[in-house]
Amino acid sequence: MDFSQLRNKQPRFRGLESGHRACTGCAEALAARLVTEAAGPDVMVANATGCLEIFTTPWPESAWRIPWVHSLFENASAVAAGMEAALKVQGKSTKVLAFGGDGSTFDIGFQSLSGMLERGQNVLYVCFDNEAYMNTGIQRSSSTPHAAMTTTSPPGKERMGKRHLKKDIVSIIAAHHIPYAATTSVAYPSDIRKKVRRAMAIEGPTFLQIHCPCPLGWGHEGYKSIEIARLAVQTGLFPLIELERGGLAGVMPLRNIRPVVDYLKEQQRFRHLFTDELRAKEELEHIQAIADHNIEIYNLRSDGHKDAFDSEGMDTVRRGGMRWA
Amino acid sequence: MLQALEGSQAVAQAVALCRPQVIAAYPITPQTHIVENISKLVADGKLKCEFISVESEFSAASVVLGAAIAGSRAYTASASQGILLMAEVLFNIAGLRVPLVMTCANRAISSPLSIWNDQQDSMAVRDAGWIQLYCADNQEAVDTTIQAYLIAERTELPVMVCMDGFTLTHTLEGIDIPTQEQVDNFLPAYKFSRTLNPQNPISLGTLVSPDFYSEARHSHHTAILNAQTEIIAVDQEWAKISGRCSGGLLTVEGPEEAKIAILIIGSVYGTLLAAMEEFPEEQPVKLIKLRSFRPFPIDALKAACEGLDDVIVLERAIGLGSGAIVGLEVTAALAELANPPKVHNFAAGLGGRDIPLEMLPRLLATLNEPSDRRLRIIDVELDKLPEEDR
Ligand SMILES: Cc1ncc(C[n+]2csc(CCOP(=O)(O)OP(=O)(O)O)c2C)c(N)n1
Ligand code: SF4
Ligand SMILES: [Mg+2]
């Protein structure tokens, strides 16, 4: 039989079907599909309240092809912990996943997440980080980046958007000394797959933070989601890193480092930074300094070497095994 | 065989006999002894289960929810502040129609801070969609805990077993702990119709539009009301095995000819029974022990109060800014009678204040006082308060 036909006869497993109600270009929807594809069918999901939960399950419809439960905004980790405990006593090997937005992960559900990690439970927690409370209409969260405009961090005479910094959640998670914590981005599907598989193979708590542009909340066209997500990585604002037991174990090097303005100018949430005002210039410098700091501490420069796993190489679709790495 | 056991110890043993597979709890007085005793049973290998010491009551309730939908019988216990912290999850568990059992070791709510008994905590979540059964003594707490699992799993409704903190949880009584064989004959292995399973994926806890919310509420409400039949049946089934009834929805004790009844929930039942012996010269009184507060047994209550002149409701909580909680519901139910008795509403024993035997004559004496029948805290000592607060 022809190889291409064989592929058609083996459709890829999809945990999240099309037909749900996300906005056009919603990266959270794409990321969730990629995660469930890589995780496979032998899973169960506890999903926190948020866009992902809402747009996938308007009763009596559901876009999920895997067992899925939504309880509350701040307890996905604890519900997942209970599911894991139950499966363990029943002697089943089904992996439990917990899904939450940045609001439920960084803020309101942080306590139950920390508890679940500390207890060493065999749960893969995935945070779909779109940097604000999108489901309730774009309010700031502790993940919202510095200077970004949201409905509760509007710019004005006295303010330049969010005053505070984006919380460094992955470091806090890694400080639980869990086996594996990583950041990844919807712009790098093969990186997501690689990291999901890695986490799935570990028995114990693991954590993934996936950077997911939200066209509605960030103020860009839907078709630009991937481009913008890639710029976040390439500027150094969203470093892709892996931490094992709290120690840095891997970074995605940046072959072509881009200035932060390339990323910021694409998004309405930063438009107040592009005026002639001094304070706008200062904020741009401030944000560039944040990116420079990331590049420094994580040693993100690839020094001109061509690396299949750097921010350019990862985009390249190759034949053979590499992109499934 | 009777053993001298502390209430908490007895309940821990009853829970273990039900073979829960996942237990999650967070310590709070006066619930602590229950989970400590369970921890010991687990440590000694007498109970095989996953015991998860969580970081909050909020997570305790969430963990047992997760366990139950993943196919395991689960248990938690709490009190007071812990119940309030759980409140959001309690509504959610009930709305998902998950069969869980928890113990509420009834305690007052802060502020002012009090670790002592009243029932403000479980009363605060009375409309969360759980069945609520109140225990008059520790034998009832043991039997009700075992019954609760069967009720929950048959009706797909969670059951909160309420027992007065300290008065029951920390008191030694002679208790008959059933055998494992008795419980195994009574309680089949855990089954939940919507158990998550990768072979047959379903989605639980979805978003509903206004087109369906009322219907979901209606069916939940109806299910709780219909659970009255199951509560009675399960009590009788357990009686066949154990030889003991726990009182179905409610029980009536006292002389047939009595025209006055005192309605109570919880351990004050024992106090008033003793008081009736202590003060035999008092006029004949019936004691109505309301075991099931949710479902609220309107028909059983009407039948129990038909022909009475007066019903005194003595409760251990207060609807701040309104008055009676239980009393209001009793009044509403009895209003359906052609000649409803007068309902007199009292709170007593708040924040652990002792309810003495003299409470009986004191309550009866109020019937001769001019009163508007609205809730009064009968044991309040007004002279401790500044003039303007009295
Ligand atoms: C206890 C509680 N507080 C507030 C809310 C309202 N709420 C629902 S979703 C949400 C924001 C979700 O933000 P995030 O977790 O970032 O997910 P996103 O929608 O952005 O994907 C909020 C505030 C709630 N459901 N529960
Ligand atoms: S608001 Fe943003 S996160 Fe929510 S569905 Fe739309 S694009 Fe996705
Ligand atoms: Mg968000």
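Tutor: Let's begin with a definition: helices and strands here are DSSP runs, at least four residues for a helix (H or I) and at least two for a strand (E), numbered from the N terminus. Please also keep in mind that this is a predicted model.

Student: Can we try those labels on a real case? Where is the place of B:P295?

Tutor: B:P295 sits in a loop of chain B, between strand β13 (292-294) and helix α10 (298-305).

Student: What kind of peptide bond joins B:R294 and B:P295, cis or trans?

Tutor: The general idea is that most peptide bonds are trans. The bond between B:R294 and B:P295 is cis, with omega about -5°. The bond from B:S111 to B:P112 is cis too, with omega near 0°. B:P112 also belongs to a loop of chain B, the one between β5 (101-106) and α5 (120-124).

Student: Now for phi. Which residue that is not a glycine has a positive phi of about 55°?

Tutor: In general, most residues other than glycine have a negative phi. A:N299 has a positive phi of about 55°, and A:N299 lies in the segment after α12 (278-297) of chain A. B:F166 has a positive phi as well, near 65°. B:F166 is found in the loop between β7 (159-164) and β8 (172-176) of chain B.

Student: Is A:N299 buried or exposed?

Tutor: The cut-offs help here: buried means under 20% relative accessible area, and exposed means over 50%. A:N299 has 57% relative accessibility, so A:N299 counts as exposed. B:F166 has a relative accessible area of 18%, so B:F166 is buried.

Student: Let me practise on B:T229. Where is B:T229 found, and is B:T229 buried or exposed?

Tutor: B:T229 is part of helix α8 of chain B, which covers residues 210-242. With a relative accessible area of 59%, B:T229 is exposed. The side chain of B:T229 reaches the backbone oxygen of B:N226 at 3.1 Å.

Student: How far apart in space are B:T229 and B:I325?

Tutor: Their C-alpha atoms are 24 Å apart, while in sequence the two residues are 96 residues apart.

Student: Let's turn to the metal. Which residues are the protein donors of the magnesium ion (ligand 3)?

Tutor: The donors are A:D102 through OD, A:N130 through OD1 and A:A132 through O, at 2.0 to 2.1 Å from the ion. Along the sequence, their spacing reads D-x27-N-x1-A. The pair A:D102 and A:N130 links distant parts of chain A: A:D102 is in helix α5 (residues 102-108), A:N130 is in the loop between β4 (123-129) and α7 (169-174), and they are 28 residues apart. Both A:D102 and A:N130 are buried.

Student: Where does ligand 1 lie, and how many residues surround ligand 1?

Tutor: Ligand 1 lies between chains A and B. It is surrounded by 18 residues, and the closest are A:E28, A:C51, A:G103, A:A132 and A:M134. Helix α5(A) gives the largest share of this shell, four residues. By class, the shell around ligand 1 holds six nonpolar, eight polar and four charged residues.

Student: Which side chain has a polar atom 2.7 Å from an oxygen atom of ligand 1?

Tutor: That is A:E28. A backbone N or O atom of A:S104 lies 3.0 Å from an oxygen atom of ligand 1, and A:M134 also places a backbone N or O atom at 3.0 Å from a ligand 1 oxygen. On its own, ligand 1 has 580 Å² of accessible area, and the protein covers 78% of that.

Student: Which residues are around ligand 2?

Tutor: Among them are A:C23, A:C26, A:C51, A:F55 and A:N130. Helices α3 (51-56) and α9 (215-218) of chain A each supply at least two residues of this shell. The shell around ligand 2 has eight nonpolar residues, one polar residue and no charged ones.

Student: With those cysteines in mind, how many disulfides are there over all chains?

Tutor: A disulfide needs two cysteine sulfur atoms within 2.5 Å. By this rule the count is zero over all chains. Take B:C49: its sulfur is 12 Å from the closest cysteine sulfur, in B:C18, so the two are too far apart for a bond. B:C49 is buried, at 13% relative accessibility. A:C26 is buried as well, with a relative accessible area of 18%.

Definitions and conventions:
Residues are numbered from 1 along each chain as its sequence is written. Chains are lettered from A and ligands numbered from 1 in the order in which they are written. This is a predicted model: local features need pLDDT of at least 70, side-chain atom pairs count only at pLDDT 80 or more; totals for chains, interfaces and linings use all residues. Side-chain values use heavy atoms; hydrogens and water are left out. Donors are N, O and S atoms within 2.8 Å of the metal (3.2 Å for Na, K and Ca); water is not among the atoms, so sites may look incomplete. Buried means under 20% relative accessible area, exposed over 50%, partly exposed in between (1.4 Å probe, protein chains only). A residue is near a molecule or strand if one of its heavy atoms lies within 4 Å of it. A polar contact is a pair of N or O atoms within 3.5 Å; within protein, one must be able to donate a hydrogen and the other to accept it, and residues adjacent in sequence count only if both atoms are side-chain atoms. Accessible areas come from the Shrake-Rupley method with a 1.4 Å probe; for residues, only the protein chains shown count as cover. Ala, Val, Leu, Ile, Met, Phe, Trp, Tyr, Cys and Pro count as nonpolar, Asp, Glu, Lys and Arg as charged, and the others, Gly among them, as polar.
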